[in-house]
Amino acid sequence: MKALIINCSPVRTGATAEIAKLVSEQLSAKYSVKSICIDDYSFSFCKGCRSCHNTAKCVMSDAIVIENIMNEYDEADIIVSVSPSYWADIPGQFKAFIDRCTPWCNTHEPHASIKPGKNGYAIALRTGPNMPECEKIIGSIEHFYGHLEIECKGHLGLTSIEYKTDVEPRKQEIIDFCKNI
Ligand SMILES: Cc1cc2nc3c(=O)[nH]c(=O)nc-3n(C[C@H](O)[C@H](O)[C@H](O)COP(=O)(O)O)c2cc1C
């Protein structure tokens with residue numbers, strides 16, 4: 001079984017990356033793990049043309065970049081998205097990726113699809129102390145999973161985290177979450 005772990009932050013060495021690394025270490029005992037960072041990819045914003053609503057294909061010249069990311073999703077049985085709060089939402093880079101996934105959105109026919117039977121998990125982190133902001137981010141990720149027909153199996157919200165050094169005291173919480181994946 002394969003697990004795909006996505007760092008939804010553009011920061012490759014921050015708190016999100018640290019959590020993604022810990023998740024990867026935990027899951028590698030059970031799964032073949034692939035980790036990616038949204039910053040590994042460069043792509044333009046969706047123009048909202050809706051061609052894909054009729055063709056299930058993106059007309060933009062960099063469509064292959066998104067197809068490559070979706071191939072990573074397609075190869076995985078388990079998907080874990082780890083996202084920080086940027087202005088109380090997912091980072092713009094990750095939102096831009098989701099927008100470009102409209103050819104795969106199940107609200108129109110035809111639509112592209114990944115293989116069924118995948119399980120999705122969401123981890124949200126933020127610097128502030130209140131959980132509702134994490135829940136909003138989890139909601140965005142689970143909305144995305146829903147339209148890709150990835151089953152939402154679990155989520156974790158982590159408040160009061162800014163830098164990677166803030167992750168160490170929360171290690172056990174994250175390990176416990178991973179035990180249920
Ligand atoms: C542009 C930006 C916006 C942020 N907005 C929020 C916010 O609205 N609420 C919050 O609690 N933390 C916010 N943060 C803090 C991040 O959620 C927190 O530092 C997180 O650990 C960042 O992880 P990263 O460095 O791996 O991206 C923001 C950070 C940045 C860089």
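Colleague: At what angle do the axes of α3 and α4 cross?
Modeller: Bear in mind that this is a predicted model: local features need pLDDT of at least 70, side-chain atom pairs count only at pLDDT 80 or more, and totals for chains, interfaces and linings use all residues. Numbering starts from 1 along each chain as its sequence is written, and side-chain values use heavy atoms, with hydrogens and water left out. Helices (H or I, at least four residues) and strands (E, at least two) are DSSP runs, numbered from the N terminus. Taking axes as lines fitted to C-alpha atoms, for helices over the stretch in contact, and angles from 0 to 180 degrees between N-to-C directions, the axes of α3 and α4 come within 10 Å and cross at roughly 95°.

Colleague: What does that make α3 relative to α4?
Modeller: Under 35 degrees counts as roughly parallel, over 145 as roughly antiparallel, 65 to 115 as roughly perpendicular and the rest as oblique. The crossing is at roughly 95°, so α3 is, relative to α4, roughly perpendicular.

Colleague: Which residues in α4 does α3 meet?
Modeller: Contact means heavy atoms within 4.5 Å. The α3 side brings Ala-63, Ile-66, Ile-69, Met-70 and Tyr-73. By class (Ala, Val, Leu, Ile, Met, Phe, Trp, Tyr, Cys and Pro are nonpolar; Asp, Glu, Lys and Arg charged; the others, Gly among them, polar), the contact has seven nonpolar, no polar and one charged residues. Across from α3, the α4 residues are Phe-94, Phe-97 and Arg-100.

Colleague: What is the volume of the largest cavity?
Modeller: On a 1 Å grid over the protein atoms alone, a cavity is a set of points where a 1.4 Å probe fits but cannot get out; a pocket is an open set with protein on both sides within 12 Å along at least five of seven lines; lining residues have an atom within 4 Å of a point. Points are joined across faces, edges and corners, and a volume is the space filled by probe spheres set on them. The lining includes Ile-69 and Tyr-73 as well as Phe-94 and Phe-97, and by class it has nine nonpolar, no polar and no charged residues. The search finds one cavity of 30 Å³ or more, and the volume is about 30 Å³.

Colleague: Which elements each supply at least two residues of that cavity's lining?
Modeller: Ile-36 and Cys-37 are among the lining residues, and β2 spans 32–37. Elements that each give at least two residues are β2, α3 (63–75) and α4 (92–100).

Colleague: Which are the edge strands of the sheet?
Modeller: Five strands form an open, parallel sheet in the order β2-β1-β3-β4-β5, where pairing takes at least two DSSP bridges between two strands. An edge strand pairs on one side only, and here those are β2 and β5.

Colleague: Which element gives the most to the lining of the largest pocket?
Modeller: This pocket holds about 260 Å³ of space. Its lining counts 13 residues, with Lys-95, Ile-98, Asp-99, His-143 and Phe-144 nearest the centre. Two or more residues come from α4 and from α5 (131–147). With four residues, the top contributor is α5.

Colleague: Which peptide bond is cis?
Modeller: Most peptide bonds are trans. This one has omega near 0°, and its proline sits in the loop between α4 and β4. The bond runs from Glu-109 to Pro-110.
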